[in-house]
Number of protein chains: 2
Amino acid sequence: MNSSDFILTPWESKGDIDYTRLVERFGLNVISDDIRRQVADAAGEDHFLLRRKIFFSHRDLDVILHSYQNGPGFFLYTGRGPSGNTHIGHLIPWMFAQWLQSRFGATMYFQLTDDEKFYRDSKLSLDDTYNLALQNARDFAALGFDPDKTHILINSQHINTLYPLAAQAAKKINYSNTKASFGFGNDTNIGMIFYTALQSAPCFLEKRPVLIPLGVDQDPHFRLTRDIAPVLRYPKPALIHNIMIPSLTGSSSKMSASSENSAVYTTDTAKQIRQKINKYAYSGGQESVAKHRQLGGDTQSDVSFLYLWMFFEPNDSKINQIKEEYESGSMLSGELKQILIESMVTYMERHQNRRESVNIKEFMFDETEYKNKMRR
Amino acid sequence: MNSSDFILTPWESKGDIDYTRLVERFGLNVISDDIRRQVADAAGEDHFLLRRKIFFSHRDLDVILHSYQNGPGFFLYTGRGPSGNTHIGHLIPWMFAQWLQSRFGATMYFQLTDDEKFYRDSKLSLDDTYNLALQNARDFAALGFDPDKTHILINSQHINTLYPLAAQAAKKINYSNTKASFGFGNDTNIGMIFYTALQSAPCFLEKRPVLIPLGVDQDPHFRLTRDIAPVLRYPKPALIHNIMIPSLTGSSSKMSASSENSAVYTTDTAKQIRQKINKYAYSGGQESVAKHRQLGGDTQSDVSFLYLWMFFEPNDSKINQIKEEYESGSMLSGELKQILIESMVTYMERHQNRRESVNIKEFMFDETEYKNKMRR
């Protein structure tokens, strides 16, 4: 691997991601000012994740807007592979998805792929990943989704609905396609090879266009889905991609749910959050206070700043002030960390309360209800 | 392909099958006189399909007998890919399975793989194969299975139970394994690649040993299952194989459910049966009556004789008399065909009555009942 090379697949992230090259490599459409304005107009308000280009690229977002304004509307779909507790890297696209639901009144299907993580990780049993899925589901539901319009599917539990849809997709995807998209080889297990069909399946839950807010690493799955959707007489799923969220220890690699100190989890206590940020959060500050006062900090690589930028400080004037002060050297790395910690602790305490009190049953996909709805 | 070469996989049958070479190639155990006697002793009677070596090879049949006599017993599992109507090639192993159930009191799981046939055949929809599965299920149930001990699973309908078991298998089978077992390649769709895991799944419905009566073409699936069963802490599935049933038009290739004139179906009328046998049944007789009287007929290749031998004439002295008369030339090809037609028409009329009157619901796999039973 060349030093400037990077790898990004749904299961691997290596090297510094060069987004300009990623856009080329994946064939993505960068979100233009024009389409961002159109989204804001249709939504009735702007969203800071779009403004700050955390959601930076798309496929067919214009088709979704057109269907919303002139057609049958659209539904939302996103998901999570339950390999561990939820971390703030997951909350970012979900928060954005919740905003989309609230502004556009869209039905949301949320898929927890317990089978995928079971296939992928030799140490995890299907019971393990299922139990993690139930925990992850609470985090998702706690974000304010409308229970009447939100349906959480767990692959192993809702396979009755998902398998016939996955089968339609699987018939149109051959081994070559998965080799090219995911780098599979002779030693890849057949669960993993089939799995992409199950990630495609929710796109076919309704005959209307679907918009999928997701991390850009998941794009290869849906490139396959987009290739086959017209053959199955469904609209191509539209995508809106967020950049990868940096791990606690550095901005270059993707945050991982399986490495304890690389992330802040929604289950962390205030004390743990304080410790993690103080101890592990990669700092863009200078080696000494004197040097920092003189040269200022680097907001491009400072993880505390990036977390505020990407999630915890939606207010533009506040984040710009922090940026200015940190870059000018008037704000020290420790002070920046305190701002993040305060914001994070407040957020997590509120989130944890919601997480405990949420009635998860209200959100679980109901096969009978779905069948009746589809019959109408 | 060398003229003496042949291909036999679950989806392809080419050339004349040389069973001596197949035994070597697949690594099968020919059923010895000794083990045949043991089966008869345990069952309390002999079966003509064993005596006539239609069931000719096995894997771990001795383990099953031991478990029946000294251990936790065993259960039965077999299945069918619903690509068309049921033909007599299917009835042979099912009839034998019914005998096994009645003699050994064993629970039977019967799997209808509507997904497999959907993956395999570009012209069939999942609705098509599901509807065929329901038809095939009637034929199976009509053979006299005990409804209390017989559970029919249709993959697309009982995937809730089957998928978690298939997932355990799929995690242990890689692409190389399926390539080696089935000759899969880059253009194989990922449904087909995954499918073998679903055919394995019923082996894991109970923790006891399972005996699978099946056509020898299906052996590759279960070689894979046998490799992984110990890893999943299940007994290796035991197999008892029947030879391929000749198609109407010749003894060399396997009967196919998708070619109208290559088989007699359980849905054929008496008139259709008469026409098919008279017109298409490959005859081992001589070109002229004079020559036939002189040289006699060839019972090795005569399809009418073979159908009587394999299914319609279980009585040894009767079949031996027919053999003698046909080989000596005293019985003509047309006379032999009349014997088969009479026997077939009688059988089919009775079968069709049973088929119509059978209460298929009594036989369908009940997930709740299964879960409760497993909990005990």
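**Figure 1. A:Leu76 and its bridge partner in β8(A).** A:Leu76 has A:Leu211 as its bridge partner in β8(A). This pairing, like everything shown here, comes from a predicted model. The strands β5(A) and β8(A) run parallel. They are joined by 2 bridges.

**Figure 2. From β8(A) to β9(A).** A:Leu211 also faces the other strand of this view: A:Ala238 in β9(A) stands opposite A:Leu211. Between the two strands, the chain passes through helix α11, residues 219-228 of chain A. This β-α-β crossover from β8(A) to β9(A) is right-handed. β9 of chain A covers residues 238-242. It runs parallel to β8(A), and 5 bridges join the two.

**Figure 3. The surroundings of strand β8 in chain A.** Strand β8 spans residues 210-215 of chain A. How many of its 6 residues are buried? The count is 6 of the 6, so the rest of the structure largely encloses this strand.

**Figure 4. A:Thr86 in its loop.** A:Thr86 lies in a loop of chain A. Before the loop comes β5 (75-80); after the loop comes α5 (88-104). Is A:Thr86 buried or exposed? A:Thr86 counts as buried, because its relative accessibility is 0%, and the cut-off for buried is under 20%.

**Figure 5. Contacts of A:Thr86.** Residues up to four places away in sequence are not counted here. Beyond them, A:Thr86 touches A:Arg80, A:Leu91, A:Trp94, A:Asn136, A:Asp139, A:Val264, A:Tyr265 and A:Thr266. With A:Asn136, the link is also a polar contact between side chains, at 3.2 Å. A:Arg138 sits 52 residues from A:Thr86 along the chain. The C-alpha atoms of A:Thr86 and A:Arg138 are 9.6 Å apart.

**Figure 6. B:His241 in strand β9 of chain B.** This view moves to chain B. B:His241 belongs to strand β9, residues 238-242 of that chain. B:His241 has 0% relative accessibility and therefore counts as buried.

**Figure 7. Polar partners and neighbours of B:His241.** Which side chains make polar contacts with the side chain of B:His241? One of them is B:Ser57, at 2.7 Å. B:Asp219 is another, with a side-chain contact of 2.8 Å. Both residues also appear in the contact list of B:His241, which leaves aside neighbours within four places in sequence. That list further includes B:Leu28, B:Ile54, B:Phe55 and B:Phe56. B:His58, B:Arg59, B:Leu214 and B:Val216 are also in contact with B:His241.

Note on methods:
Residues numbered from 1 in each chain as written. Chains lettered and ligands numbered in written order. Predicted model: local features only at pLDDT ≥ 70, side-chain atom pairs only at ≥ 80, totals over all residues. Heavy atoms only, no water. Helix = DSSP H or I, 4+ residues; strand = E, 2+ residues; numbered from the N terminus. Buried < 20%, exposed > 50% of the residue type's maximum accessible area, 1.4 Å probe, protein only. Contact = heavy atoms within 4.5 Å. Polar contact = N/O pair within 3.5 Å; in protein donor to acceptor, adjacent residues only side chain to side chain. Pairing = 2+ DSSP bridges. Right-handed = clockwise from strand over helix to strand, strands pointing away.
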